[in-house]
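This report introduces a protein structure to a reader who has not seen it before. Please keep the sequence and the model at hand while reading.

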Amino acid sequence: MNYDTFVGQVAQRTSTSSARAVELIEATLETLAERLTGGEVLDLAVQLPAPLRLPLRPTPDTEAAERFGAAEFVARVAVRAGVPEPAARDVVRAVFITVREAVTGGEFDELVVQLPRDYRGMVEPALAPGATLRRR
């Protein structure tokens, strides 16, 4: 999936502009990079469009995964994106669905297994059979 398609899908799913969608994607991916191990972050990054790799760049501080639950994940995205937490939860779902469409199934599965069970409500929509690329 190319960058414009990725951004367009998130914009459509969040009912926002492409510029705002980029901010939402970056907030979600930065938070995801904190939650995943550095190796998994790199594996994911190489399958995403180049402009989306920057928020996933691991640092020495993010080499080891931070342990935090889904509520903290949503709270961090909310702060980074400047949205209320209920909206941030919808953003995270939209980004996860789009990531699932952009990467191989095996890579998405590897991402999901690093997340605890309380992430299920945000990840399962991406696993649903109807979670396919929507064309305008």
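The following text describes helix packing first and aromatic side chains afterwards. The model is a predicted one.

**Helix packing**

Helix α1 comprises residues 3–14 and helix α2 residues 18–35. The two helices pack with their axes 8 Å apart. Because the angle between them is about 95 degrees, and angles of 65 to 115 degrees count as roughly perpendicular, α1 and α2 are roughly perpendicular to each other. On the α1 side, the contact is formed by Tyr 3, Phe 6, Val 7, Val 10, Ala 11 and Thr 14. These residues meet Ser 18, Ala 21, Val 22, Leu 24 and Ile 25 of α2. By class, the contact of α1 with α2 contains nine nonpolar and two polar residues, and no charged ones.

Helix α2 also packs against helix α5, which spans residues 85–102. The table sets out the two helix pairs.

| Helix pair | Angle | Axis distance |
|---|---|---|
| α1 and α2 | about 95 degrees | 8 Å |
| α2 and α5 | roughly 80 degrees | within 10 Å |

The crossing angle of α2 and α5 therefore makes this pair roughly perpendicular. Helix α2 contributes Leu 24, Ile 25, Thr 28, Leu 29 and Leu 32 to the contact, while α5 contributes Val 91, Val 92, Val 95, Phe 96 and Val 99. The contact of α2 with α5 has nine nonpolar residues, one polar residue and no charged residues. Leu 24 and Ile 25 of α2 take part in the contact with α1 and also in the contact with α5.

**Aromatic side chains**

How many aromatic pairs does the model contain? The count comes to three. One aromatic pair is formed by Phe 73 and Tyr 119, whose ring centres are 5.6 Å apart. With 75 degrees between the planes, the arrangement of Phe 73 and Tyr 119 is edge-to-face. Phe 73 belongs to helix α4 (residues 70–81), whereas Tyr 119 lies in the loop between α6 (105–113) and α7 (120–127), so the pair ties together parts that are 46 residues apart in sequence. Phe 73 is buried, with a relative accessible area of 0%. Tyr 119 counts as buried as well, at 1% relative accessibility.

Phe 73 and Tyr 119 belong to one aromatic cluster that also includes Phe 68 and Phe 96. Phe 96 is, in addition, one of the α5 residues in the contact with α2.

Phe 68 also has charged side chains over its ring. The charged end of Arg 76 sits 3.9 Å from the ring centre of Phe 68. Arg 35 lies over the face of Phe 68, at 6.0 Å from the ring centre.

Methods. Residues numbered from 1 in each chain as written. Predicted model: local features only at pLDDT ≥ 70, side-chain atom pairs only at ≥ 80, totals over all residues. Heavy atoms only, no water. Axes fitted to C-alpha atoms, helices over the stretch in contact; angles between N-to-C directions. Helix = DSSP H or I, 4+ residues; strand = E, 2+ residues; numbered from the N terminus. Parallel < 35°, antiparallel > 145°, perpendicular 65-115°, else oblique. Contact = heavy atoms within 4.5 Å. Nonpolar A, V, L, I, M, F, W, Y, C, P; charged D, E, K, R; others polar. Phe/Tyr/Trp six-rings, centres within 6.5 Å; stacked < 30°, edge-to-face > 60°. Buried < 20%, exposed > 50% of the residue type's maximum accessible area, 1.4 Å probe, protein only. Lys NZ or Arg CZ within 6 Å of the ring centre and 35° of its normal.
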